[in-house]
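Could you take me on a walk through this structure, stop by stop? I have it open in my viewer and would like to know what to select next and what I will find there.

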Amino acid sequence: MKQIRNFSIVAHIDHGKSTLADRFIQRAGLIEQREFRDQMLDNLDIERERGITIKSNTVTMQYTAKDGVDYELNLIDTPGHVDFTYEVSRALAACEGVVLLVDAGQGVEAQTLAHLYAALEHDLAIVPVINKIDLPGMDLDRIREQIDSELGLDSDDVVLCSGKTGQGVDELLEAIVTRIPGPTGAEDEPLSCLVFDAHYDPFRGTVVAFRVKNGRLKPGDVIRFMANKSTYKVEEVGRFKIRRVPCKELVAGEVGYLIAGIKTVSDVAIGDTVTLEARPCAALLPGFKEVKPVVFSSVYPISSDDYPGLVDALAKYKLNDASLIYQKDSSVALGQGFRCGFLGLLHLEIVQERLEREFDQSIIMTMPSVQYRYTLQDGKQVVVDNPAYYPDPGLIEKSEEPYIRTSIMIPERYMGAVMTLCLERRGENSTFTYPAPGRIEIKFDMPLAEVIFDFYDRLKSVTQGYGSFDYELIGYRESSLCKVDILVNGEPVDALSCMVHRDRSRQRALQICERLEEEIPRQQFKIAIQGAIGGQIIARTTVSAFRKDVTAKCYGGDITRKRKLLEKQKKGKARMKMVGQVEIPQSAFVAVLKTDGD
Amino acid sequence: MLRPGLYVHVPFCRTKCPYCDFYSECAPERIPAYLGAIEREAHLRREAHPAYDTLYLGGGTPSSLSPDELATLVMGLRSALTLEPGAEITLEANPADLGQPLLDALAALGVNRISVGVQSFDERELRFLRRRHSVSQARAALRRVRHQGFASLGVDLIHGLPLQDWEPWRQNLEAALDFEPEHISCYGLTLDEHTPLGQAAKAGEFELPSEAVQAELYLRTSELLTRRGYEHYEVSNFALGPAHRSRHNQKYWHGEPYLGLGPAAHSFEGHSRSWNHRTLDAYLAALDAGRLPMQGFETLDAGQLRLEELALGLRTVEGVSLQVAAQNPGAPALLTRLEAEGRVQLLPDRVLPTPRGFLVADAIARMLA
Ligand SMILES: Nc1nc2c(ncn2[C@@H]2O[C@H](COP(=O)(O)OP(=O)(O)OP(=O)(O)O)[C@@H](O)[C@H]2O)c(=O)[nH]1
Ligand code: SF4
Ligand SMILES: [Mg+2]
């Protein structure tokens, strides 16, 4: 039987997973040197631009061990950022082991622990690695000590390596084949495969990534998606070797893809089990844990005509990002759209960008919100993330909002500025540690709502880019909340409403009004913009009427130029939403989400 | 019966004004070649439309041509095309050029409207605009034109200069009114950023009056001239009664056909617009090669025709028909609101802009489009 090793590389963000994967890929000779580029597996444009991994990525390679045995290695490079943990957890379900990296300079961090626990939960073999040992001035003993005490692993098992120089990679490969067990599962059992990822290929339909648990699968087989009950005839199976490489069959223990002309996107669900129609397996494989989004926002097409396009794009996008949750939503101002749940702010940003770039959608996203918890007078509890469903304030007995514990790392000189920022954002219960000379780690309890708005941008600006920021949810705390409505010439614009802490309501309302004042073009009458709680106006700005809007002269019969100008302006108008008789440009909805670039 | 209008672009100026973005050159030595080319173009275009009832010599500065050159120009046109008896023949002139010999020549050629680019009766303002004429030259020229007995004298003025408010501008208007011109054009100074003055404004060397001041100047101008018997018949134009409106320019606003000869000139055929090569070089080269000097051409679809009808109609007192104006679902409510605000007057079948409506005519056109 073929020797197979399935493993993920997991670590805290930036600890060098993708760089290490590069060394494996090069060693296996998967691609020619001229095609190689750093962080080869980060193939999305956004991943390359931001220098982080967003999607897990599988690659299959051959390795001949020291003892002469040939192995097929299925490596999954995973993202480190906390917002993409769901990518990691699905990758783990396809593996028997993990390579857990610890950055020699940074040591154990929040996600190191989180991934370790997840791996233990899956009963996976763990190969601890101290990476980046080429770094000057690192303290190996300190890191070993952390691995023993904080991770509870045996630091004698640690492999030392550098993804950058390639030092220690051979030892690591040996450790992987010796310490991670091969897959169990029988080739002659009925087929069962776990779908752990997918993406939509416009020419071939849905490409499904899966792990074969039992049985074998080849082109021509008729498969069934067990939960979704759809059946297809397989056109192609293959392995991920940077490119998709077709093969004759995939057998128990292997990781690969299948193509079956699947044009109906909803037929494939991540976590579903694939079996053979003719000889089905007895039961579904355990799927994945439900995702628990923390940040919510609605997505609307810029032009209502594009709604069907957005429906299609979201379904296709979701194939490739199972952590996105969405359901129908609608707004008087923006028409039909979707309420989406995200795992964090970065996730929200990535979804927005990928929808625009990969799916060519022009969208507006409404003000992000957290999930507030309201206890009503009759004792009922409601959880609300959408201001449209804010309960009647007269009936609210108690309001609560989610809190986080932030961890902010900065050079010491920025301490004052960061403290001020955190206190401004209702931070409390602060503690400090000095992880390294000149650096300080500040921890605060803070409402999640305060960081989802523009906290990170502000932090970057007050620390001139030197601040790093991480957080964990620590539960709900009682709070004084209210709903702010925005009115344009007396008409509420539902898409601009938000739930905020009462102390922050006036400031937030004014900020939104000012943004709108800048963005709404002057019209031939005055426009009043107001922020209100219930019936009470708490902020107001005005867009004065324009006084003059006419060309002085159409010279020498050149009407074409004038018409073209009007046509251009009119096109801009198509991107406007009419609220009452006021035209609000799409840019206004976007602008209210932007930072106060002060 | 309706005849098309004929426009001839004379792309020569003695000096280039720093706010101007029309096409013109300071190259008198090229005038002869230009005159030959115009005649050839007129012959090439003859077939489409042989007869016209207006001729407008614009520029550039048509008056910068010598009496002989102007005679060659008009004779050349007449050799190819027919100007109807009673045709309106307009010439744009710089006051400095309007000496007696030129005026005699113009009268002999049948020119009956002289539009004088006075721009201002304030010496400092003229210097700011770097006009090549002086206030006294302007006054002398106007006197001479009046004396010569042309059917129509037009005075062009520019308002909205830096630091200008109502009083200095009113004095300009009064100075013009002294000559009892049949026609007055008041253009708000608009600076294209590609012009030297536009650049200077961008660099912060001076500031134009605020929009509020510009709007005030505009509305008070309209009031004053109306009181003095002028009809505010287009955004920037006033006439001493409908008979003295510019017949030629009205063809542009009313969607009537016209033919434009010369570099950068535009033509309109009812459903299509075309334009000539913008530079003299390209224009001459095309005609030397025996080709029409046309550079571009477009056919208008129904939507474009309607947009033009709105945008141009709302520039004039005739306005647009209600049928054209009220095609969109929101239009009736909008029109009612515009009427309440004094921007338009609603007749059973037409929408007529008021002077306050002229001020925002583009915006109204966009809203209705
Ligand atoms: N000195 C040194 N730098 C390294 C090494 N490995 C990675 N880096 C650097 O560390 C940074 C992050 O590397 P990545 O490989 O993208 O890290 P990652 O863990 O994949 O990051 P995420 O996928 O975003 O979690 C890059 O700037 C790398 O050049 C190493 O062995 N030594
Ligand atoms: S004279 Fe008229 S056309 Fe010539 S540059 Fe001055 S403004 Fe322009
Ligand atoms: Mg990575």
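Here is a tour in a handful of stops, from whole chains to single residues. Keep in mind along the way that this is a predicted model.

**Stop 1: chain A as a whole**

Select chain A and switch on the cartoon view. You should be able to pick out 14 helices and 33 strands. Chain A has 598 residues, and 45% of them count as buried. Take the contacts in chain A between residues at least 6 apart in sequence: 69% of these join residues at least 24 apart.

Now colour chain A by pLDDT. The mean is 90, and 98% of the residues of chain A reach 70 or more. Among the elements of chain A, strand β5 (residues 125-131) has the highest mean pLDDT, at 97, while strand β32 (residues 576-579) has the lowest, at 72.

**Stop 2: a covered helix in chain A**

Next, select residues 85-92 of chain A, which form helix α3. How many of its eight residues are buried? The count is eight of eight, so this helix is described as mostly covered under the cut-off of 20 or more other C-beta atoms within 10 Å. Thr85(A) and Leu92(A) are among the buried residues, and so are Glu87(A) and Arg90(A). To see what covers the buried residues of α3(A), show its surroundings: they include β1, β3 (70-77), β4 (97-103), α4 (110-121) and β7 (192-201) of chain A.

**Stop 3: Asn6 of chain A**

One of those covering elements, β1 of chain A, holds the next residue to click. Asn6(A) lies in this strand, which spans residues 3-10. Why does Asn6(A) count as buried? Because 26 other C-beta atoms lie within 10 Å of its own, and 20 or more is enough to be called buried.

Show the residues that Asn6(A) touches, leaving out those up to four places away in sequence: Asn74(A), Ala94(A), Cys95(A), Glu96(A), Pro183(A) and Val255(A). Then try the distance tool on the C-alpha atoms of Asn6(A) and Pro181(A). These two residues are 175 residues apart along the chain, yet their C-alpha atoms are separated by 8.7 Å.

**Stop 4: ligand 1**

Select ligand 1 and display what surrounds it. There are 21 residues in this shell, and the closest are Gly16(A), Ser18(A), Ile52(A), Thr53(A) and Gly80(A). Which helix gives the largest share of the shell? That is helix α1 (residues 17-27) of chain A, with three residues. If you colour the shell by class, you will find five nonpolar, eleven polar and five charged residues.

**Stop 5: chain B and its strands**

Turn to chain B, where the secondary structure comes to 15 helices and 15 strands. Of its 369 residues, 46% count as buried.

Zoom in on strand β9 (residues 258-261) of chain B. Tyr258(B) and Gly260(B) point one way, Leu259(B) and Leu261(B) point the other way, and all are buried. In a regular strand the side chains alternate between the two faces of the sheet. The partner to highlight is strand β1 (residues 5-10) of chain B, which pairs with β9(B) in the parallel sense over four bridges. Within this pair, Val8(B) has Leu261(B) as its bridge partner.

For an antiparallel example, select the open sheet of three strands in the order β13-β15-β14 of chain B. Its edge strands are β13 (320-321) and β14 (344-346), each pairing on one side only. Two bridges join β13(B) to β15 (residues 350-353), and Val320(B) stands opposite Val351(B).

**Stop 6: ligand 2**

Select ligand 2 and its surroundings, which include Cys13(B), Cys17(B), Cys20(B), Lys16(B) and Asn94(B). This shell has four nonpolar, five polar and one charged residues.

**Stop 7: where the chains meet**

Show both chains together. Here 40 residues of chain B are in contact with 25 residues of chain A. On the chain B side, 22 are nonpolar, nine polar and nine charged.

Finish with the largest nonpolar core, which has 95 residues; Val116(B), Val145(B), Leu310(B), Ile364(B) and Ala365(B) touch the most other members. Helix α15 (residues 361-368) of chain B gives the most to this core, with six residues. Click on Ala365(B): the residues it touches include Leu310(B) and, from the other chain, Leu566(A).

Note on methods. Residues are numbered from 1 along each chain as its sequence is written. Chains are lettered from A and ligands numbered from 1 in the order in which they are written. This is a predicted model: local features need pLDDT of at least 70, side-chain atom pairs count only at pLDDT 80 or more; totals for chains, interfaces and linings use all residues. A residue is near a molecule or strand if its C-beta atom, placed from the backbone, lies within 6 Å of it. Ala, Val, Leu, Ile, Met, Phe, Trp, Tyr, Cys and Pro count as nonpolar, Asp, Glu, Lys and Arg as charged, and the others, Gly among them, as polar. A nonpolar core is a set of buried Ala, Val, Leu, Ile, Met, Phe, Trp, Tyr and Cys residues joined through C-beta atoms within 7 Å. A residue is buried if 20 or more other C-beta atoms lie within 10 Å of its own, exposed if 12 or fewer, and partly exposed in between; C-beta atoms are placed from the backbone. Two residues are in contact if their C-beta atoms, placed from the backbone, lie within 7 Å. Two strands pair if DSSP finds at least two bridges between them. pLDDT is the predictor's confidence in each residue, from 0 to 100.
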